[in-house]
Amino acid sequence: MSKKNKTLGEFIIEHQHAFKYTTGELTRLLNSIRLAAKVVNYEVNKAGLVDIIGLAGDVNIQGEDQQKLDVYANDTFIQTLTNRNIVCGIASEEEDDFISINSLDSNNQNKYVVLIDPLDGSSNIDVNVSVGTIFSVYRRVTPIGTPVTIDDFLQEGNQQVAAGYIVYGTSTMLVYTTGAGVNGFTLNPAIGTFYLSHPDMSFPVDGNIYSCNEGNYIHFPQGIKDYIKYCQKDEGDRPYTSRYIGSLVSDFHRNMIKGGIYLYPKSSKNEKGKLRLLYECNPMAFLAEQANGKASDGFNRIMDIKPTELHERVPFICGSKHMVEKAEEFMRNAK
């Protein structure tokens, strides 16, 4: 069987020996995420036909209106991970607090916690633009056999053992890493199987795309304003192309394939930044670094930031290594 014809399940099993904590538990966890992704994908792809689009009428912990598909995706991933008795705790962007899981079968013996953004970019659902799911996996730090605590979730990103995303687009892809590179799998909807389609994914060191919400330009810090002007200047290989979807998964995915930089800095409207460190920035930073890219808050490595709360927000700059380094240079030199 050629490398590209491998299914996701075959690939996970074949490569589990490269994972230093090989017990089979992480394999089952990734397979559960695969299953939940297929269920959510089915709902996303029929959203225009059924009453699943629009507001759910609730507001999440961040004060954001929840879409119906937000709630559906959140419930699907939590139920799938809980029912299959694989993890000891789950934290979701859509939940106020973490969920401790203590089934009769496990008695708190499971080793992993999962943090998840069930439906990233959900404000795009009603207009049929790609959305995604982001997930992050850590080994618990509290003693096995006891209930999880907040300490199991407030770990630095450099402690992640796996991370990935699913992009529900023109084709549905699952992209993940366990610290040994990044691989992408495309769903064959006819038979419901993910096949390896993008082995050994890697950011080009340089790129010519910058992705940010330029409507917020006036609110950006001076260093980001200066970098955007640099991107727009007609000089050398510039001006760069501006491409912004408004769905982190989609913007990240395009930039990893084509080469580019994603910027969501702090602003006068969001003094701490807007993206969540645990649910969005850390998993994407892990993927970026495993794919020869870089992720920063403008001054520091994202994965070295010590979280202090579940829904902490940080500035986020991520993408092709040389582009991120140039943006950091402008941040340091800003007057």
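Contact here means heavy atoms within 4.5 Å. With that in hand, here are some notes on this predicted model, in the order I would walk through them with you.

1. Let's start at Asn213, a residue in the loop between β11 (209-211) and α4 (222-232). Setting aside residues up to four places away in sequence, Asn213 touches Phe220 and Tyr244. Its relative accessibility is 30%, so Asn213 counts as partly exposed. Leu263 is 50 residues away from Asn213 in sequence, yet the two C-alpha atoms are 8.2 Å apart in space.

2. Next, have a look at the sheet. Eight strands make up an open sheet with mixed pairing, and their order is β4-β3-β5-β6-β7-β8-β9-β10. Because β4 and β10 (193-198) stand at the edges with a single partner strand each, one side of each has no neighbour in the sheet.

3. Inside that sheet, β6 and β7 are worth following by eye. Strand β7 (residues 160-168) runs antiparallel to β6, and eight bridges join the two. To find the register on screen, pick Val131, which stands opposite Tyr168 in β7.

4. Two helices lie across this sheet. Helix α3 (residues 68-83) lies across β3 (87-92), β4, β5, β6 and β7, and runs at about 160° to β5. Helix α5 lies across β5, β6, β7, β8 (172-177) and β10, and runs at about 100° to β7.

5. Asn188 is a second asparagine to look at, this one in strand β9 (residues 183-188). Asn188 is in contact with Thr193 and Tyr195, once its neighbours within four places in sequence are left aside. The C-alpha atoms of Asn188 and Thr172 are 8.3 Å apart, with their positions 16 residues apart in sequence. With a relative accessible area of 29%, Asn188 is partly exposed.

6. Now for the charged pairs. Side chains of opposite charge can pair when their charged atoms come close. The model has twelve salt bridges. One of them joins the side chains of Lys111 and Glu25, at 3.3 Å from N to O. Lys111 is in the loop between β4 (99-100) and β5 (112-120), while Glu25 is in helix α2 (residues 25-44), so this pair ties together parts that are 86 residues apart in sequence. How accessible is each partner? Lys111 is partly exposed at 22% relative accessible area, whereas Glu25 is buried at 6%.

7. A salt bridge within a helix comes from Arg254 and Asp251, whose side chains meet at 3.0 Å, N to O. Both belong to helix α5 (residues 248-258), and being three residues apart they are separated by about one helical turn. An α-helix has 3.6 residues a turn, so residues three or four places apart point the same way. Arg254 has a relative accessible area of 14% and is buried; Asp251 is buried too, at 0%.

8. Which residues are linked to Arg276 in a network of salt bridges? They are Glu93 and Glu280. Between Arg276 and Glu280 the distance is 3.5 Å, N to O. Arg276 is buried at 4% relative accessibility, and Glu280 is buried at 3%.

9. Glu280 brings us to helix α6, where it is one of the buried residues. Why is helix α6 (residues 277-290) described as largely enclosed by the rest of the structure? Because twelve of its 14 residues are buried. Among them are Leu277, Leu278, Tyr279, Cys281, Met284, Phe286 and Leu287, along with Asn282 and Pro283. Just after α6, Asn292 takes a positive phi of about 65°.

10. Finally, a word on the surface. Val127, Val129 and Ile245 make a nonpolar surface patch of about 220 Å². Of these, Val127 is found in the loop between β5 and β6 (131-139). Is Val127 buried or exposed? At 56% relative accessibility it counts as exposed, since the cut-off for that class is over 50%.

Terms used. Residues numbered from 1 in each chain as written. Predicted model: local features only at pLDDT ≥ 70, side-chain atom pairs only at ≥ 80, totals over all residues. Heavy atoms only, no water. Salt bridge = Lys/Arg side-chain N within 4 Å of Asp/Glu carboxyl O. Helix = DSSP H or I, 4+ residues; strand = E, 2+ residues; numbered from the N terminus. Buried < 20%, exposed > 50% of the residue type's maximum accessible area, 1.4 Å probe, protein only. Patch = residues over 30% accessible without salt bridge, like charges linked within 9 Å, V, L, I, M, F, W, Y side chains within 5 Å. Areas by Shrake-Rupley, 256 points an atom, 1.4 Å probe, with all protein chains shown as cover. Pairing = 2+ DSSP bridges. Axes fitted to C-alpha atoms, helices over the stretch in contact; angles between N-to-C directions.
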